[in-house]
Amino acid sequence: MTPLSARCLRAVVKKEFRQIRRDPRSLMFMAFLPAFMLLMFGYALNFDVKRIPLAVVDGDGSRASRGLVDKFRTTEYFDLKAVLPRTAAIDPLMAREKVRAALVIPAGFAEDLLAGRSPAVQIIVDGSNAMSGTTAAGYAGAILQSYSQRITLQALARRGLGSAALPLQAEVRVWYNPELRSAKFLVPGLMAFILMVIVTVSTAFSIVREKERGTMDQIRISSLRSAELILGKIVPYVAISLVSAHLVLLLGQVLFGVGIRGSYPLLLLAMLLFLVGALGQGILISAVTRTQQVAFLFAVLTTMLPTFILSGFVFPIRNMPAAVQAVTYLVPARYFLDALRAVILKGAGFGAVWGQLLLLLAFAALSLGASAARIGRGDKEPSPRRRRARA
Amino acid sequence: MAEPAIEVRSLTKRFGDFVAVDAVSFEVERGRIFGFLGANGAGKSTTIRMLCGLLDPTSGAATVGGHDIRREPERVKRAIGYMSQRFSLYGDLTVAENIGFFGGAYGLSRRALAERLPWVLGLAGLVGRERSLTRTLSVGWKQRLALGCAVLHEPRIVFLDEPTGGVDPASRRRFWELINGLSERGITVFVTTHYLDEAEYCNDIRLIHAGRIVAGGSPRELKTSVIRNPILEVACDRIVEALEILQKEPWVLETSIFGMSLHISVEDEEEGRRLIAARLGREGIAVHRADRIMPSLEDVFIHKIEEQAGTGEAGEARP
Ligand SMILES: Nc1ncnc2c1ncn2[C@@H]1O[C@H](COP(=O)(O)OP(=O)(O)O)[C@@H](O)[C@H]1O
Ligand SMILES: [Mg+2]
């Protein structure tokens, strides 16, 4: 294969930059929408998981149980809305969404504690809103744990260092987020999600638009080859989407206090690989579709849901059924999100994320390679009738 | 004789079971203006797109610039320029930017481009409007700019698909002057049109109807060989009445009204003139003039298409 022609490449890059500049709406869409969406989602989600309306059923009515209820009342994560006599009274409140979580302290709570038995405290969470539901469970678990530790220490002190089991049984499900700051795990997830959708959607139009306007035929008659066309189209978009990704990072830091603990160059590399992959997916969609509407639909369908559900953004992957877990390996945002959380939150180095980076690279190479092959083969316009026959 | 610029053998394109181009064969000599004429849907664009390598033929063969369109599509591309039926420059780029982009896409160096730019601007008549957005130009200008971009890289052969569609008559004439200019530079021009009068500007013509070539030759050959019977242009009084009378005569072959006169096709010029004067005289209609005229290409094509329809073959493949 002959090397790429710099002349051809330069012509495409120039043309794309000019066209983007003359279309300020698309430029704004790409550059600022991600940051704006982070702002909206970030606050909405953040607000949602603070002040979760809570009901309490205190079946014990002891000093110990009141102490636990106080713990819940004094955090900003819960808002005590009702104290109920029976567990059965929770249901109607939750159905009307008056409360989203309930704490049920069984009778004999204090007694069990004193006897060194583990009382079963129940946390009931409204699962219909998965986001706030899981978060509520996480917060509640953490509060129980901290309460339980205090009791343990007291017990240990009282008994003079006797052996003691953790007095409270509670399933603790706090995500990678020890300070219980929801922004910390939300922001990287939102970044991956928003960038994936916006970037893919913006390039999904790029080639199909040329087909619709007839300029693609003119290009196919020229000596421009598909690799030059694709690279030339990608370069301006990489630049813009990198700017956009940095705006998102900046906003995450300024508004949500999510600073970058790890190395910036490593983060840049991860972003670059991810963005090129997402751009490649957009180009591929553009290469196989015939109209901008179809391309848009394709781009949204293949990014929005998979990234939202299967990347680990909202639902932890390890809690998914095995079959679903297997599918998540096909979602590039998953690798990006892993790398992002590792580098941003944990300060992980290259050694911890090289696997993810390699997979992102593979995805980028695959999507771009497939696009080049598809465009190179040329859309030889099989008739609609033949198309249907094949389908 | 030199190898033809384009050689087409039984080229066929089917879309499903519909035959859009039905085994067409022809040759185009170098440096000529070759006109491909036919109504909308006749198969002109489909033929061009196959020759340019944009569409795979179903069967048949063709060479363009000596290169086989199936085996050497890349070489074909380098030899040709193409102007598609639909306007296909970037409306959101300026005139100069469009020329710059296509120059780069054809692999022209900066220097070559700098030389070609004024030439294309001159050709399109757009000197001084380099910085206008292309979408703001009138249709005639857009078409000339598209032609300029199609010949930027100095191809030996250009395919122009209905370049004068939707353009006013003055612009059409100017466009044909450009085509003539290209031909004078030795470029082979393959041009399609559905305006029959434009056929007069071509050196060589094929008429395509329902995917088949129904007539061909130079304009002059077509006029003299296809319609052998003389046509008399008759100027007389009460022409509608005269037409009705003559139509009933067995020695009158074809009739039509052309403006203020009648076109009457007869077996023999002298005898026809005499018979017309006698017959109309009997009805008290004075004949002022009855001159033999050359049939127009329109007469030729109408004659050919009617002949084709008469055999009942062409109509069947159509949906
Ligand atoms: N991609 C296609 N699929 C199905 N039919 C087509 C396709 N392209 C053209 N046709 C049909 O083939 C016929 C010839 O079309 P075309 O070559 O564009 O005609 P012309 O250029 O002479 O107006 C038309 O009836 C058209 O509808
Ligand atoms: Mg056409």
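**Which helix or strand gives the largest share of the shell around ligand 1, and how many residues does it give?**

Before we dig in: this is a predicted model, where local features need pLDDT of at least 70, side-chain atom pairs count only at pLDDT 80 or more, and totals for chains, interfaces and linings use all residues. Residues are numbered from 1 along each chain as its sequence is written, chains are lettered from A and ligands numbered from 1 in the order in which they are written, and side-chain values use heavy atoms, with hydrogens and water left out.

**Exercise 1. Work out the shell around ligand 1.**

Step 1. The opening question goes to H1(B), with three residues. Helices here are DSSP runs of H or I with at least four residues, strands are runs of E with at least two, and both are numbered from the N terminus.

Step 2. Place the ligand: ligand 1 sits between chains A and B. Of the 13 residues around ligand 1, those that come nearest are B:Gly41, B:Gly43, B:Lys44, B:Ser45 and B:Thr46. A residue is near if one of its heavy atoms lies within 4 Å.

Step 3. Sort the shell by type: six residues are nonpolar, six polar and one charged. In this scheme Ala, Val, Leu, Ile, Met, Phe, Trp, Tyr, Cys and Pro are nonpolar, Asp, Glu, Lys and Arg are charged, and the others, Gly among them, are polar.

Step 4. Look at individual oxygen atoms of ligand 1. A backbone N or O atom of B:Gly43 is 2.9 Å from one, and a backbone N or O atom of B:Ala42 is 3.2 Å from one. B:Ser45 brings a polar side-chain atom to 2.7 Å from an oxygen atom of ligand 1.

Step 5. Finish with cover: on its own, ligand 1 has 560 Å² of accessible area, and the protein covers 71% of that. Such areas come from the Shrake-Rupley method with a 1.4 Å probe.

**Exercise 2. Find the protein donors of the magnesium ion and say where they sit.**

Step 1. The magnesium ion (ligand 2) has B:Ser45 (OG) and B:Gln85 (OE1) as its protein donors, at 2.0 to 2.2 Å. Donors are N, O and S atoms within 2.8 Å of the metal (3.2 Å for Na, K and Ca), and water is not among the atoms, so sites may look incomplete.

Step 2. B:Ser45 belongs to helix H1 (residues 44-51) of chain B, while B:Gln85 is in the loop between strand S6 (80-83) and helix H3 (95-105) of chain B, so the pair ties together parts 40 residues apart in sequence.

Step 3. B:Gln85 is partly exposed, at 38% relative accessible area. The scale runs like this: buried is under 20%, exposed is over 50%, and partly exposed is in between (1.4 Å probe, protein chains only).

**Exercise 3. Compare B:Glu162 with B:Arg238: what is phi, and is each residue buried or partly exposed?**

Step 1. B:Glu162 isn't a glycine, yet has a positive phi of about 45 degrees. Phi of B:Arg238 is also positive, near 45 degrees. Most residues other than glycine have a negative phi.

Step 2. B:Glu162 lies in the loop between strand S7 (157-161) and helix H6 (169-184) of chain B. B:Arg238 is in the loop between strand S11 (231-236) and helix H8 (239-247) of chain B.

Step 3. B:Glu162 is buried at 7% relative accessibility, whereas B:Arg238 is partly exposed at 43%.

Key. A polar contact is a pair of N or O atoms within 3.5 Å; within protein, one must be able to donate a hydrogen and the other to accept it, and residues adjacent in sequence count only if both atoms are side-chain atoms.
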